[in-house]
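User: I am new to this structure. Please take a close look at the spaces in it, and say what lines them and which residues lie around them.

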Amino acid sequence: VVLVVAASWIAWIALPGLGAAVAFTPDAVAAGQVWRLVTWPLANGVSLWSVLNLFFFWYFGTDLESTIGRRRMLVLLLGVWASLTLAATLVGLLLGGGVALVGIGLIQFAVLLLWIAEYPRRPFFFGIPAWVIGVVLVGIPVDGMLASRSGASLMSLVLRFRLLAVAARSS
């Protein structure tokens with residue numbers, strides 16, 4: 001996955017419009033651009049944060065993979081992708097609005113949260129338990145959604161977490 005993301009960065013540099021052509025929006029899929037259901041994790045741009053996110057994905061993903069095995073990790077990643085895609089599709093079609101999936105970031109975030117769920121008491125930054133970091137990482141966007149009265153985003157987040165839990169339990 002890390003190599004595929006790195007390759008997508010090179011493609012983004014060579015073809016700057018590629019990200020917009022493969023990102024997911026329910027309206028684009030409804031208009032017949034069904035490839036976006038599969039290609040949205042490849043809509044990556046290069047930045048310091050994307051490099052750090054990819055490092056953390058590799059770090060926590062490798063730890064999870066060593067626990068559950070390579071085959072189950074593949075099933076888990078496919079389940080994460082499917083969960084995020086289904087949640088965005090349902091919320092986008094039912095509630096409308098600007099639901100979009102762009103790049104590997106949400107999958108990386110899901111892997112981090114699944115790692116935290118697997119090892120909640122493990123020390124994280126500065127010895128803080130992982131579950132506290134997880135509460136902060138989830139709480140900040142929820143606060144923003146509540147403050148902006150973004151019901152569609154909040155519903156999408158809740159649906160994503162529910163579907164991710166199902167994917168994690170079945171892998």
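Analyst: **Pockets, a cavity and their linings**

The lining of the second largest pocket consists of 12 nonpolar residues, with no polar and no charged ones. Here nonpolar covers Ala, Val, Leu, Ile, Met, Phe, Trp, Tyr, Cys and Pro, charged covers Asp, Glu, Lys and Arg, and the others, Gly among them, are polar. The model is predicted, so local features need pLDDT of at least 70 and side-chain atom pairs count only at pLDDT 80 or more, while totals for chains, interfaces and linings use all residues. Numbering starts from 1 along each chain as its sequence is written, and side-chain values use heavy atoms, leaving out hydrogens and water.

The second largest pocket holds about 300 Å³ of space. A pocket is an open set of points on a 1 Å grid over the protein atoms alone, with protein on both sides within 12 Å along at least five of seven lines; a cavity is a set where a 1.4 Å probe fits but cannot get out, and lining residues have an atom within 4 Å of a point. Points are joined across faces, edges and corners, and a volume is the space filled by probe spheres set on them.

Among the residues that line the second largest pocket are Val1, Val4 and Val5, together with Val38, Pro41 and Leu42. Leu74, Leu77, Leu78, Trp81, Ile104 and Ile107 line this pocket as well. Helix 1 (2-14) and helix 6 (70-95) each give at least two residues to this lining, and helix 6 gives the most, with four. Helices are DSSP runs (H or I, at least four residues), numbered from the N terminus.

Two other residues of helix 6 show how its surroundings vary. Methionine 73 belongs to helix 6 and is buried, with a relative accessible area of 5%. Buried means under 20%, exposed over 50% and partly exposed in between, for a 1.4 Å probe and protein chains only. Setting aside residues up to four places away in sequence, methionine 73 touches Gly61, Leu64, Glu65 and Ile68, where contact means heavy atoms within 4.5 Å. Gly61 is 12 residues away along the chain, and its C-alpha atom is 8.3 Å from that of methionine 73. Leucine 95, also in helix 6, is partly exposed at 46% relative accessible area. Beyond four places in sequence, leucine 95 touches Leu90, Ala152 and Met155. Its C-alpha atom is separated by 20 Å from that of glycine 32, which is 63 residues away along the chain.

The largest pocket contains about 380 Å³ of space. Its lining is made of 17 residues, and those nearest its centre are Asn53, Phe56, Phe109, Leu112 and Leu137. Helix 5 (48-68), helix 7 (105-118) and helix 8 (130-147) are the elements that supply two or more residues to this lining. By class, 14 of the lining residues are nonpolar, three are polar and none is charged.

Helices 7 and 8 also meet each other. Their axes come within 9 Å and cross at roughly 145 degrees; axes are lines fitted to C-alpha atoms, for helices over the stretch in contact, with angles from 0 to 180 degrees between N-to-C directions. On the helix 7 side the contact uses Phe109, Leu112, Leu113, Trp115 and Ile116, and on the helix 8 side Ala130, Trp131, Gly134, Leu137 and Val138. This contact has nine nonpolar residues, one polar and no charged. The loop between helix 7 and helix 8 includes phenylalanine 126, which is exposed because its relative accessibility is 83%. Phenylalanine 126 has a phi near 55 degrees, a positive value in a residue other than glycine.

Phe109 has a further role in the linings, since the largest cavity is lined by Phe109 with Leu84, Leu106, Ala110, Leu113, Leu157, Arg160, Phe161 and Leu164. Helix 7 and helix 9 are the elements that give two or more residues to this cavity lining. The cavity has a volume of about 60 Å³, and the structure holds one cavity of 30 Å³ or more. Eight of its lining residues are nonpolar, none is polar and one is charged.

Leucine 157, one of the cavity residues, lies in helix 9 (151-170). Leucine 157 counts as buried because its relative accessible area is 8%. Apart from neighbours within four places in sequence, leucine 157 is in contact with Val142 and Met145. Valine 91 is 66 residues from leucine 157 in sequence, and their C-alpha atoms are 9.7 Å apart.
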